[in-house]
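Some notes on the model follow, as numbered points. They take up the ligand site and then the domain interface.

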Amino acid sequence: MITAQTVVLGIIGHPIGHSFSPQIHNYFARIFRQQACYAAFNVLPEHLGEAVAGAHSLGIKGLNVTIPHKQTCIDFLSRVDKTARRIAAVNTLVYEQDGYAGYNTDHIGMYMALKAAGIDIRGKSAVIIGAGGTACAACVMAADKGAMEITIANRTLEKAELLADRLKGFFNMPITAVPLSVINDIAHKDIVIQTTSVGMNYPEDCLIESAGFFRGVSAALELIYNPWETKFVKMAKLNHIQALNGFSTLVYQAAASFELWMGINLTEGFLKQAAADLESLAKQA
Ligand code: ATR
């Protein structure tokens, strides 16, 4: 029951009508017995500053931030956590007296999703496809969690080079940028993370054209969950590679946000069960 003590949470984005986050967080509130409720707010880019200030005035305890506000939102925060600064994007705002503190839990979501599937990135060669905000979060996760080397493959080489150069300022490890056109020639590729939206709107589109790309790959993660299996994931599976879609990453990044807001620790066992329950819920939706 919603009472005067209920903690109010939500997500801001534009558009927001297809977000699955309200189902996830309201499920967490129920299952983990927290007095909280979570709603979706459609915020136009030109209203972002007012929306953040207004939410703070109302005492809204926590907000998720999604497309197109993840980078621009930083201007309206009172402080930004170190990893979020490195990623240059926030997806979680936590109420503090003077304003919102910004965090990024996307990298935690990716790491936890790999971990839950028994995939260890430590000491491995990671290939990140794409060079946008999600790719940056994937690179920071891989570097933080001990990957041996990172290759960023992107359609626009300059963007991959800029990202690689920025990351080299934080991490002392081999980080290489290559154009997508040579993706099949990447020698070391234990774990591949596909961060572009290719495959989302046109499920038969895929940046990987030949099955030969998957030679030497042991695991693949794609950050799309609608459709449930894109051509990328299907191709990886056909080549006997452990392939994950983006749903478990979505659940685990949400869990990390929920922990920040509610000041609780969710156990891994509980979370694995929650991810399985939410997967059935998502498939029915
Ligand atoms: P996000 O913040 O979600 O990562 P983004 O910053 O728009 O989103 O980045 C999207 C990434 O997907 C970019 O790396 C983009 O490549 P370019 O830098 O060349 O634009 C990549 N991308 C999007 N559509 C693509 C397509 N049709 N083919 C190849 N790459 C594509």
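How far is an oxygen atom of the ligand from a polar backbone atom of Gly133?

1. The distance is 3.0 Å. Please keep in mind that this is a predicted model, so the text treats every value as computed from predicted coordinates.

2. Two further polar approaches belong with Gly133. At Ala131 a polar backbone atom and an oxygen atom of the ligand are 2.8 Å apart. Thr134 takes part through its side chain: one of its polar atoms is 3.0 Å from an oxygen atom of the ligand. On its own the ligand has 640 Å² of accessible area, and the protein covers 68% of that.

3. The surroundings of the ligand comprise 13 residues, of which Ala131, Thr134, Asn154, Arg155 and Thr156 come nearest. Sorted by class, this shell holds seven polar, four nonpolar and two charged residues.

4. On the overall layout, the domain assignment splits the chain into domain 1, residues 7–104, and domain 2, residues 108–245. Taken over C-alpha atoms, the centres of the two domains are 27 Å apart. Eight residues of domain 1 and 10 residues of domain 2 make up the contact.

5. The area buried between domain 1 and domain 2 is about 650 Å², and carbon and sulfur atoms account for 58% of it. On the domain 1 side, the greatest losses of area to domain 2 fall on Arg86, Ile87 and Asn104, which together supply 71% of what that side buries.

6. As for specific polar pairing, zero salt bridges are found across the interface of domain 1 and domain 2. One residue pair is in polar contact between the two domains, with both residues at pLDDT 80 or more. The side of domain 1 that touches domain 2 consists of three nonpolar, three polar and two charged residues.

Methods
Residues numbered from 1 in each chain as written. Predicted model: local features only at pLDDT ≥ 70, side-chain atom pairs only at ≥ 80, totals over all residues. Heavy atoms only, no water. Domains from an automatic or database assignment. Contact = heavy atoms within 4.5 Å. Buried area = accessible area lost by both parts, 1.4 Å probe. Salt bridge = Lys/Arg side-chain N within 4 Å of Asp/Glu carboxyl O. Polar contact = N/O pair within 3.5 Å; in protein donor to acceptor, adjacent residues only side chain to side chain. Nonpolar A, V, L, I, M, F, W, Y, C, P; charged D, E, K, R; others polar. Near = heavy atom within 4 Å. Areas by Shrake-Rupley, 256 points an atom, 1.4 Å probe, with all protein chains shown as cover.
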